[in-house]
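Here is a brief report on three sites in one protein model. Each site is taken in turn, starting at the surface.

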Amino acid sequence: MEKKLFTPGRIGPVELRNRTIRSAAFEGMGKDNGPTEMLRDYHWAVARGGVGMTTLAYAGVCESALSFKTQLWLRPAIVPQLREITDGIHEAGAKASIQIGHCGNMTHRSTAGGTPVGASTGFNLYSPTFARGLKKDELRQLACDFGNAVRTARDAGFDCVEVHCGHGYLISQFLSPFTNHRRDEFGGSLENRMTFMKMCLEEVMKAAESDMGVIVKTNMRDGFKGGLEIDDCLTVAREIERAGVHGIVLSGGFVSKAPMYVMRGRMPIYSMTYYMKQLWLKYGVRMVGKYMIPTVPFKELYFLDDARLFRRELKLPLIYVGGVVSRENADKVLDDENFDFIQMGRALLNEPDFVNRMMAGENHRCGCDHVNYCIARMYSREMACHKHCGDLTPKMEKEIEKIKRLNERDERH
């Protein structure tokens, strides 16, 4: 039987040259909420490296959606720079996607242009910040912002958009009982908590028309007691399918409560805080970081057991993400488990040409060692693999080596 990995595949009206997608892992490569040459060059390199489609990550649909100054704010002013990026991706034979979303309470007043907003009023310890609950009349405008972002993405030459409905950002904050304490038609039952998501997807599908692909990233579990579990998330996924989208990325985790459920492994706390400029935050995280960011052991294909349940229940194309580090992994997910596409983040940071390397050798495995240095620094600097950095301090190198040893111990057990 022919292996599926290097066969073409369709996401709605868009055909990809193969079944690989660069996941929407936040690059931290923007400046003043716009693109840079660094962001352009990275995605061009991934496109030349053989990927079917590469995804620019975590673009805010409006100013209040922004968590970082290094994040894209998808607006007409940056269309020419984005068009340069998508033109280069297309010249390399790949398709271009952009993830759109709203951070909700995962931000600060100085970044979001006002008091952070969320499904409900409260305090987000992870940011840390106070957030106010959104008013009903604001929700319609935010849904329209999602639609307008899709139109801007089309003007910038993107083939697909990926709507972020997971990981504890705004749409996820409405879905989860942990963050949604509303007593109106947007809170209470799961049916009510899905209302805002449905409003956003309606605007997205209207704006996408017939020529753009629409993908949704959603949770299979929130990853902590009191959050959404499998049965709830299956109900959400069925609703997403009914909205007419062209594919679902199956993920999990909640950044403000279970951050390592998303990425797995250990967070190198010293490396993370090394780049922080605020002294109170730097030393505060060093003291309590290991409690705020508890380890969730990494294993290859770590979302696969849950993803199988969704594969049985859903008919639309499903995109597997989570621990694909080798050609063997890719073939297993696509051929044995019958998923339609795979997404990869850290593997393509470690090796932007990972897809070409898999094509050249059936036994190829990427060189990522899952120490999460790339994740640790992205809150302050651009995402980068420690193997590509020449400025690590001895203490950072010591921390990385310790995490490698602990990972090896976990694998043995």
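F130 is exposed, because its relative accessibility is 60% and the cut-off for exposed is over 50%. This is a predicted model. F130 sits in strand 8, which covers residues 129–133. The residue also helps build a nonpolar surface patch. Its partners there are F123 and L125, and the patch spans about 370 Å².

V79 is a contrasting case. Its relative accessible area is 15%. The limit for buried is under 20%, so V79 counts as buried. V79 belongs to helix 2, residues 79–91. Leaving aside residues up to four places away in sequence, V79 touches T152, D155 and A156. Take D155: 76 residues separate it from V79 along the sequence, yet their C-alpha atoms are 6.8 Å apart.

What about a charged residue? D335 lies in helix 13, residues 327–336. D335 is buried, but it has no salt bridge. The nearest side chain of opposite charge is K3, 4.1 Å away. A salt bridge requires the side-chain nitrogen and carboxyl oxygen to be within 4 Å, so the K3 distance does not qualify. D335 does have a polar partner in K4: the backbone nitrogen of K4 lies 3.0 Å from a polar atom of the D335 side chain.

The distances are listed together below.

| Pair | What is compared | Distance |
|---|---|---|
| V79 and D155 | C-alpha to C-alpha | 6.8 Å |
| D335 and K3 | nearest side chain of opposite charge | 4.1 Å |
| D335 and K4 | side-chain polar atom to backbone nitrogen | 3.0 Å |

Key:
Residues are numbered from 1 along each chain as its sequence is written. This is a predicted model: local features need pLDDT of at least 70, side-chain atom pairs count only at pLDDT 80 or more; totals for chains, interfaces and linings use all residues. Side-chain values use heavy atoms; hydrogens and water are left out. Patches are made of residues with over 30% relative accessible area and no salt bridge: like charges are joined within 9 Å, nonpolar side chains (Val, Leu, Ile, Met, Phe, Trp, Tyr) within 5 Å. Accessible areas come from the Shrake-Rupley method with a 1.4 Å probe; for residues, only the protein chains shown count as cover. Helices (H or I, at least four residues) and strands (E, at least two) are DSSP runs, numbered from the N terminus. Buried means under 20% relative accessible area, exposed over 50%, partly exposed in between (1.4 Å probe, protein chains only). Lys and Arg count as positive and Asp and Glu as negative; His and the chain ends are not counted. A polar contact is a pair of N or O atoms within 3.5 Å; within protein, one must be able to donate a hydrogen and the other to accept it, and residues adjacent in sequence count only if both atoms are side-chain atoms. Contact means heavy atoms within 4.5 Å.
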